[in-house]
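Visitor: I have a model to look at and some terms I do not follow. Could you take me through them?

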Amino acid sequence: MKGMMVIRPYGYEIWELLRDQLDRMFKETGHRNAYFPLFIPESFLKKEAEHVEGFAPEVAWVTSGGGEVLEERLAVRPTSEAIICSMYAKWVKSWRDLPLLYNQWANVVRWEKVTRLFLRTTEFLWQEGHTVHATAEEAEAETLQMLGIYRKLAEEYLAIPVLTGRKSDSEKFAGAVRTYAIEMLMPDGKALQAGTSHNLGQNFAKAFNIRYESKEQKLEYAWQTSWGATTRLVGALVMTHGDDSGLILPPRVAPIQAVIVPISAGNWQQTVLPQAQKIFGALKAAGLRVHLDDRDAYTPGWKYADWEMRGVPVRIEIGPKDIEKQQVVLVSRLDRKKSFVSWDSLAGELSMLLERIQGELYNRALAMRDANTRQASTYTELLEVMAGSRGFIRCGWCGSPDCEVKVKADTSATIRVILDEPDPGLKSCVVCAQKALHTVIFAKSY
RNA sequence: CGGGGCGUAGCGCAGUCUGGUUAGCGUACACGCUUGGGGUGCGUGUGGUCGGUGGUUCGAAUCCACUCGCCCCGACCA
């Protein structure tokens, strides 16, 4: 099947680690998990006009079941606003029911014409949060809070710097009032949208009739948000940190943080292996994700290359010479630099090394992004950058869709985010030279 | 969806133009010996509907048509 992915255990473990972090942060902010149906009756999907128009081209339909043609065809969920809102309409009665803070971990299907492994697949895994609030202010605060959680996940766990900001009208979610996103820059100069948070206003509440009775005994439409992040994040990890030897995984989301490679010489299984096993047990007990590679069929050198390709941040070598000195050799995946550490201080030293690698990966990614972020004050400058090095381009924008469309037609770049704070140095629109209302980031995107 | 490229062993490829023995090579895999602190070396083996379907031909990996999948560029896309 085109665009479908199979995720084997090592890759899935990466997803599980970042998923667990997100899930923890959601719960810390009062959200609870729930589950809603995979199929959505067409009549539900049609209720919000802009929403159905936005998703229609990429919906997969079920038209028969049990050997019979269905009276009403069913959409395989491309996102669950429609089905969830239909339930929220029944559940929300009073201001006392609010806020409703639910999240769903699920798979969704979007029939994309062009697929790209991990970045744009027909079926993907994600979480989608759907909340209901009594006021517009609360909904906006929720939207921004969740954007902040995505930023935290990206920067503190995936070690990838992000820009946050609003999307232009042409890029916003179909049915939303406002869409915010975290936006990453990949090493090839293309931008990747890695998480979105939408303020839905009352659009869906009006379409699905989600109303509550306020303290003042007035019937009011509710205010809603939705927000999501997907398996695309795993693709972002791979692209951002990899080098010529393979993957480099940030320690906080690495399924294996350190691999122990016993030096197989002579009767190593009697001399070296027992100590390697002891160290393995001690590190595991210290809460580290370690693996002991005791395969006899491969030489140490082969194992080094193998684990480097898989992105394990630290290798621990132990051989006959180390047994004598009661030490091990730590090797960083970043630069292959070796350090010699005694057995009794290993757990502490390893933890510190892992933290250093986590920080260094972020710094590398930040340096890459900064080196590929340019400012353009004239249209000629913008064209030159897009024809050459690409990357992020900061410039002024008057806010007119016409200017946005012109850039896309000429360069295929789009506005990735509208920055929260306009740069006072960028006074005029990069296209029409009229007064700039916003500072925006243009880039080609995945 | 439009333009271009590519599908031959798990992976990477040669062979296709110019149809003709048993379809090769590297790597991986299995076994034996050897080696072991940067992908050890030698040997013996296993593994193929040549993406699929149909056609042309005495004969098709090779020519033709259709089709499926993948990659790049563009359009589309929260």
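Guide: What follows is a set of questions about a predicted model, each settled by setting a value against a cut-off.

Visitor: Why is Phe 118 called partly exposed?
Guide: Its relative accessibility is 21%. Buried means under 20% and exposed means over 50%. The value of Phe 118 falls in between, so the residue counts as partly exposed.

Visitor: Where is Phe 118, and what is its phi?
Guide: Phe 118 sits in the loop between strand 5 and strand 6 (123-133). Its phi is near 70°, which is positive, in a residue other than glycine.

Visitor: How do you know whether Ser 412 is buried, exposed or partly exposed?
Guide: The relative accessibility of Ser 412 is 34%. Partly exposed covers what lies between under 20% and over 50%, therefore Ser 412 belongs there. Ser 412 is found in the loop between helix 14 (401-411) and strand 20 (414-418), and has a positive phi of about 70° although it is not a glycine.

Visitor: What makes a residue count as near RNA strand B?
Guide: One of its heavy atoms must lie within 4 Å of the strand. In this model, 38 residues surround RNA strand B, and the closest are Phe 55, Arg 110, Ser 264, Thr 299 and Asp 322. These residues divide into 14 nonpolar, seven polar and 17 charged.

Visitor: What makes the approach of Tyr 298 to RNA strand B a polar contact?
Guide: A polar side-chain atom of Tyr 298 lies 2.6 Å from a phosphate oxygen of the RNA. The cut-off for a pair of N or O atoms is 3.5 Å, so this pair qualifies.

Visitor: How do you know that Glu 58 and Gly 319 pass the cut-off for a polar contact?
Guide: For Glu 58, an N or O atom of the side chain is 2.7 Å from a sugar or linking oxygen of RNA strand B. For Gly 319, a backbone N or O atom lies 3.4 Å from a base nitrogen of RNA strand B. Both distances are within 3.5 Å, so both pairs are polar contacts.

Visitor: Which elements give two or more residues to the surface near RNA strand B?
Guide: They are helix 3 (49-55), helix 10 (300-309), strand 15 (314-318) and helix 11 (320-325). Helix 10 gives the largest share, seven residues.

Visitor: Which parts of RNA strand B do the atoms within 4 Å of the protein belong to?
Guide: Of these atoms, 43% belong to sugar or phosphate, and the rest to bases.

Key. Residues are numbered from 1 along each chain as its sequence is written. Chains are lettered from A and ligands numbered from 1 in the order in which they are written. This is a predicted model: local features need pLDDT of at least 70, side-chain atom pairs count only at pLDDT 80 or more; totals for chains, interfaces and linings use all residues. Side-chain values use heavy atoms; hydrogens and water are left out. A polar contact is a pair of N or O atoms within 3.5 Å; within protein, one must be able to donate a hydrogen and the other to accept it, and residues adjacent in sequence count only if both atoms are side-chain atoms. Helices (H or I, at least four residues) and strands (E, at least two) are DSSP runs, numbered from the N terminus. Ala, Val, Leu, Ile, Met, Phe, Trp, Tyr, Cys and Pro count as nonpolar, Asp, Glu, Lys and Arg as charged, and the others, Gly among them, as polar. Buried means under 20% relative accessible area, exposed over 50%, partly exposed in between (1.4 Å probe, protein chains only).
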